[in-house]
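Hi,

Here is the structure I said I'd pass on to you. Have a look first, then read on for my notes.

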Amino acid sequence: MPQNKKFLAQKDKEDRQKKIIIISTIVILVIVFSLITYAVLESYVLKPKTVVIQLDSRTINAVEFEQRVRYQRFQLINQTYQLLEFVQSLGGTPDIFAYFEQQLMFAVTQLSQPLLVGQEVVQNLSDDLIIEVEAEKLGIQVEEDQITEEIETVFGYFPDGTAVPEDEPIPATPETTSQTEDSSNGVPEPTATPILQPTEYTLDLFEENYQNYMDVLKFDGIKEKTFRDMVGLYLLREELTNLVAEDLPETEEQVWISHILVEDEDTALEIAEKLAQGEEFAALAAEYSVDDINKDQGGDLGWFARGAMVLPFEEAAFVLEEGEISDPVQTDFGWHILQSLGKDQLLIDPATADERRNEAFTNWIIEKRLEYQVEVNEDWVSFVPEEPVLPQEVLDYIQFQSIGQPTLPTEVPQE
């Protein structure tokens, strides 16, 4: 009988332990299930319904905002890799690294402070909503096939071949202007005829490269739709930029100047006297000028527009008529004597034209920000992701180089 009581007591103890284990397991499962359920609800129900940015009926929800932040971080990481690879291609010495250090540290700082990236994306998305509203007012639409075509262009794939010139056009340089100049506008006649050359970049190769890129984005939590939407917004922005900048002039007054640069006024006056006595400008430039870049070419600076030179030099250059020689002009570089070789209305160079187009659009969007009331959810900080991130070995490499480490790793980590 005592043994039976002992047995029953032991069995009762074991039963209680089993109940505790079962209850604990159920509680854990309930917690895990609740967490999973909440995560699913947050991803597929709560976030899509949470508005982060709104302009009238147009909204950006938390999922879209998070995607854009991820893509912004992805681009910063890509820029960092490209800079590091470029540093290595140049030899990777400490001096070369120091030249790019500021750009690298800017990217690292941005990535280490997620709210900085988030704030930039808030502004970009606010501008995107304004662009969409303005584009709709103007009847501007971007179709899916336009997005696809732009992506193909970005990847260097041209289904119908790439337009290339048979011969490069002759630029409007001082050497060619006097020989090939068109008397109506002072600009050489173009000599190139674009033709279509079959591309060696096949559709299969493009699709492979595109899919590889999509796989990289997916690994970092970025959807293909996010990428395509951003390409579409880029095209809308380009269309609006063209409209905003359509009244910008295509030509501007430019001058073709040679100069002699010396260190003191007395020397400049001596040269001016010799020029007055009929001595050749080019010969005096070769003899006296301290501008080693062009002294042996007669001091030729080529054509330039306003804003290209320091103000005293510019003012003297643009009052001269063709063939005239200036009095000595002082700048921070020394004393100059200028000779005008030409003055005309010439086409604005492409780089300057693009800069002015972008400036016009920037001014336009600043005005539109004041016109529209874009609403931003103050809780946007809750939806800023901290991924993707730079690998620790890349951060260590940048840190080592920034404090003057003499050696480089054998290779920059690749994505």
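Below is what turned up, starting with the overall picture and moving on to single residues.

First, a word on confidence. This is a predicted model, with a mean pLDDT of 85 for the protein chain and 80% of its residues at 70 or more. Two stretches need care: over residues 165-194 the pLDDT is below 50, though the model still gives that stretch 45 contacts beyond near neighbours in sequence. Over residues 405-415 the pLDDT is also below 50, and there the model has 24 contacts beyond near neighbours. Where pLDDT is low, the coordinates shouldn't be read in detail, so please treat those contacts with caution.On to the fold. The protein chain has 13 helices and 9 strands, and 36% of its 415 residues count as buried. Of the contacts with a separation of 6 or more, 73% are between residues 24 or more positions apart.

Now the inside. The largest nonpolar core has 44 residues, and the ones that touch the most other members are Val52, Ile53, Phe65, Leu84 and Ile398. Two or more residues each come from strand E1 (51-55), helix H2 (62-89), helix H3 (94-112), helix H4 (114-137), H8, H12 and helix H13 (392-402). Take Phe65: leaving out residues up to four places away in sequence, Phe65 touches Val52, Ile60, Gly118, Val121, Val122, Leu125, Trp380, Phe383 and Val384. Apart from this core lies another, of 15 residues, with Ile151, Phe155, Tyr210 and Ile222 among them.

Ile151 also shows up in helix H5 (residues 144-154), where the buried residues are Ile147, Glu150, Ile151 and Glu152. What do they pack against? Their partners are helix H7 (203-219) and H8. In general, an α-helix has 3.6 residues a turn, so residues three or four places apart point the same way. That fits Ile147, Glu150 and Ile151 among the buried residues of H5. Just after H5, Gly156 has a positive phi of about 80 degrees.

Next, a helix pair you may want to look at. How do H8 (residues 224-244) and H12 (residues 350-371) cross? Their axes come within 9 Å, at an angle of roughly 95 degrees. An angle of 65 to 115 degrees counts as roughly perpendicular, and H8 and H12 are therefore roughly perpendicular to each other. On the H8 side the contact is made by Arg237, Glu238, Leu240, Thr241, Asn242 and Val244, and on the H12 side by Arg357, Ala360, Phe361 and Trp364. By type, the residues of this contact divide into 5 nonpolar, 2 polar and 3 charged.

There are also a couple of backbone oddities to check. Most residues other than glycine have a negative phi, and most peptide bonds are trans. Asp56 goes against the first of these habits, with a positive phi of about 55 degrees although it is not a glycine. Asp56 is in the loop between E1 and strand E2 (58-61). Is Asp56 buried or exposed? With 59% relative accessibility, Asp56 counts as exposed. As for the peptide bonds, the one that joins Glu387 and Pro388 is cis, with omega about -5 degrees. Pro388 sits in the loop between strand E9 (375-376) and H13.

Last, three single residues.

- Ser340 is in strand E8 (residues 334-347) and, at 1% relative accessibility, counts as buried. Ser340 and Ile257 are 83 residues apart in sequence, yet 4.8 Å apart in space, C-alpha to C-alpha. Beyond its neighbours within four places, Ser340 is in contact with Trp256, Ile257, Leu320, Glu321, Glu322, Gly323 and Glu324.
- Leu116 belongs to helix H4 and counts as partly exposed, at 36% relative accessibility. Its contacts, again leaving aside neighbours within four places, are Thr109 and Gln110. Leu116 and Val384 are 268 residues apart in sequence and 9.8 Å apart in space, C-alpha to C-alpha.
- Glu101, in helix H3, also counts as partly exposed, at 23% relative accessibility. From Glu101 to Leu83 is 18 residues in sequence and 9.4 Å in space, C-alpha to C-alpha.

That's the lot from me. Shout if anything is unclear.

Cheers

Notes
Residues numbered from 1 in each chain as written. Predicted model: local features only at pLDDT ≥ 70, side-chain atom pairs only at ≥ 80, totals over all residues. Heavy atoms only, no water. Axes fitted to C-alpha atoms, helices over the stretch in contact; angles between N-to-C directions. Helix = DSSP H or I, 4+ residues; strand = E, 2+ residues; numbered from the N terminus. Parallel < 35°, antiparallel > 145°, perpendicular 65-115°, else oblique. Contact = heavy atoms within 4.5 Å. Nonpolar A, V, L, I, M, F, W, Y, C, P; charged D, E, K, R; others polar. pLDDT = per-residue confidence, 0-100. Buried < 20%, exposed > 50% of the residue type's maximum accessible area, 1.4 Å probe, protein only. Core = buried A, V, L, I, M, F, W, Y, C linked by side-chain atoms within 4.5 Å.
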